[in-house]
Amino acid sequence: MNAKPNPSAKPIPFDRALEDYIVRIYPDADISALRDSIVDAFWPEGTHRRKRRRKPGNTLWTQGDALVITYGNTLKDGAHKPLDLLNDFLNRYLKGVINGVHILPFFPFTSDDGFAVTDFSSVNPQLGDWADINRIADRFKLMSDLVLNHVSSQGAWFNAYRQRQAPYDKFFFEASPEDDLSMVVRPRTTPLLQEVETSDGPRHVWCTFSHDQIDVDFRNPEVLLEFLRIIRLHVENGVQIIRLDAVAFLWKEVGSPSVHLPQTHAVVKLIRLLCDYAAEPVILLTETNVPKAENLSYFGKRDEAHVIYNFPLPPLILHAMMTGTAKHLITWQRAMPPAPLGCAYLNFTASHDGIGMRPAEGLLSDEDQAAVIKVVKRIGGLVSMRTLPDGGESPYELNTTFFEAMSETVEGPDAHHIARFICSQTIVMSLEGIPAFYIHSLLATPNDHDSVAKRGMNRAINRHRWDYNDLRARLAQPDTPQAQVMDQLRERLSIRQEQAALHPNATQFTLHLEDDRVFGIWRQSIDRNQSLFALHNVSAETVELPALRLNLIGDERWVDLLSGEEIAGDTVTLAPYQCRWIVNEA
């Protein structure tokens with residue numbers, strides 16, 4: 001068994017803790033010299049670190065926290081900078097109910113919608129500039145991407161590598177076609193190695209994702225130092241949450257799976273140490289779209305990520321809503337541990353990528369997955385594949401907007417599209433953790449087949465770019481899906497932020513309701529003053545539950561916050577896809 005953290009243990013001095021991580025990552029380095037270089041990179045002249053490490057606790061977030069995920073150019077009008085339009089949208093429609101924004105990579109890039117960065121130090125001029133980023137950061141908690149696994153093949157770093165210019169001549173991971181790479185785990189089907197010409201002959205570079213995204217080599221400590229300087233730049237520009245993109249693949253070793261290696265975890269621990277000593281509050285979020293145990297490992301011992309994505313949620317909620325049974329969602333949730341002290345889950349159903357299927361491994365059978373895939377294809381969605389070590393292929397993600405995915409069930413289309421979708425998003429709000437919403441979920445965006453055809457990329461189906469004037473007109477018309485979804489989600493988020501029982505770290509227990517059409521959880525505030533029963537009918541049927549199954553305390557008045565109804569009598573009724581937040585009133 002793992003030893004429990006001892007809160008009274010004397011903290012390890014900063015220098016010694018940093019040196020311990022350096023030894024794990026770079027055992028042959030000059031430890032003291034590299035320690036000083038790391039400190040200088042993260043705290044340049046004019047900045048300073050805290051005297052004491054920030055202690056783990058529940059104060060970095062509250063039930064009032066919620067995030068929207070968006071590209072910087074999701075909104076356009078042909079006249080204004082996209083970041084100006086985003087700023088207007090955030091303040092006009094989300095202020096007061098969503099207080100954080102994840103702007104996906106806003107740097108100059110060459111492919112993958114921003115994840116092949118050419119210059120980490122500037123804002124893509126087609127979006128705006130640092131002043132635009134600063135304006136958003138002044139009013140919202142800003143999350144930015146640290147794309148630290150790879151860079152663009154056309155950026156300055158890789159061009160210098162090809163010219164064999166120091167220090168970039170040692171910035172990229174090289175391997176030989178003769179090496180045994182059969183164990184490498186990766187989410188793409190393209191060849192792993194790419195031959196490139198350099199000034200001293202051909203080299204083969206490692207490309208986890210695409211041949212325009214060249215993997216950097218963290219075995220070179222200069223690479224680490226460069227990314228620490230980038231983090232500092234982000235923090236100086238108001239970023240409060242750093243998303244470590246594709247961090248699981250950071251450290252490579254020929255002859256290994258090259259995913260989740262010990263050195264990768266050590267690098268995350270080192271960055272967390274620096275963030276804990278930063279004068280500014282900085283939250284680390286790891287992006288590891290992998291099965292449960294591997295994903296949870298990035299909490300470390302409260303010394304790696306502050307926050308991890310709850311990646312199994314999207315496929316499990318998708319399955320529940322399409323099949324009318326929450327049995328797999330319930331089974332999974334019962335086995336989920338609470339986040340450690342000072343840590344939290346990020347709950348979501350959709351992101352800029354597809355609905356990841358790897359996290360469903362071991363949770364949904366092949367038959368369950370096939371049923372969901374059949375519906376996704378029927379509504380015009382797509383399926384992206386990954387290469388297996390034996391050379392075969394497996395579904396990696398489903399490409400569709402989550403709103404469009406909720407238009408049908410395994411039984412076909414019905415009249416419950418919006419109610420089903422709102423139920424799916426309410427589950428995200430109810431669970432332990434911080435809720436996050438892809439902008440196209442808030443906007444009830446349909447699948448964008450034209451973009452797929454134009455761009456030749458499956459993920460384009462979920463990356464529609466709205467004409468802002470058209471969008472505002474739709475949001476002003478009460479009968480449009482955009483207005484209905486936005487209004488209902490805003491209302492529920494407004495209610496949520498007032499409930500102490502929905503704090504990201506409030507107690508959670510999965511209810512045994514003996515009816516798998518209802519996903520039910522019990523939440524209790526940290527101070528134990530508020531209890532909240534969150535019930536979600538994932539079926540198209542009316543469900544009646546015996547009130548005794550909720551164990552409502554008899555001498556208290558219980559009210560459903562979402563409908564305003566008092567809960568009295570022997571039965572709790574839920575209409576198709578209805579949700580209830582039942583709380584005790586003082």
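This is a short chat about a predicted model, its overall build and one pair of its helices.

Student: Let's start broad. How many helices and strands are in the chain?
Tutor: The predicted chain has 17 helices and 26 strands.

Student: And how compact is the chain for its length?
Tutor: The radius of gyration is 24 Å, close to the 25 Å that the globule rule gives for 586 residues, so the chain is as compact as a globular protein of that length.

Student: What box do the C-alpha atoms fill?
Tutor: Along the principal axes, the box is roughly 80 × 60 × 50 Å.

Student: What share of the residues counts as buried?
Tutor: That's 59% of the 586 residues. On contacts, take those between residues at least 6 apart in sequence: 71% of them join residues at least 24 apart.

Student: Switching to helices. At what angle do α13 and α17 pack?
Tutor: About 30 degrees, with the axes 11 Å apart. Here α13 covers residues 417–430 and α17 covers residues 481–496.

Student: Parallel or antiparallel, then?
Tutor: Roughly parallel, because angles under 35 degrees count that way.

Student: Is the crossing left-handed or right-handed?
Tutor: Right-handed, as α13 passes α17.

Student: Which residues meet there?
Tutor: From α13 you have I418, F421, I422, Q425, T426 and M429. Across from them in α17 are P481, Q484, V485, Q488, L489, R492, L493 and R496.

Student: How many of those are nonpolar, polar and charged?
Tutor: The contact of α13 with α17 has 8 nonpolar, 4 polar and 2 charged residues.

Note on methods. Residues numbered from 1 in each chain as written. Predicted model: local features only at pLDDT ≥ 70, side-chain atom pairs only at ≥ 80, totals over all residues. Heavy atoms only, no water. Axes fitted to C-alpha atoms, helices over the stretch in contact; angles between N-to-C directions. Helix = DSSP H or I, 4+ residues; strand = E, 2+ residues; numbered from the N terminus. Parallel < 35°, antiparallel > 145°, perpendicular 65-115°, else oblique. Left-handed = near helix turned anticlockwise from the far one by under 90°. Contact = heavy atoms within 4.5 Å. Nonpolar A, V, L, I, M, F, W, Y, C, P; charged D, E, K, R; others polar. Rg over C-alpha atoms; globule rule 2.2 N^0.38 Å. Buried < 20%, exposed > 50% of the residue type's maximum accessible area, 1.4 Å probe, protein only.
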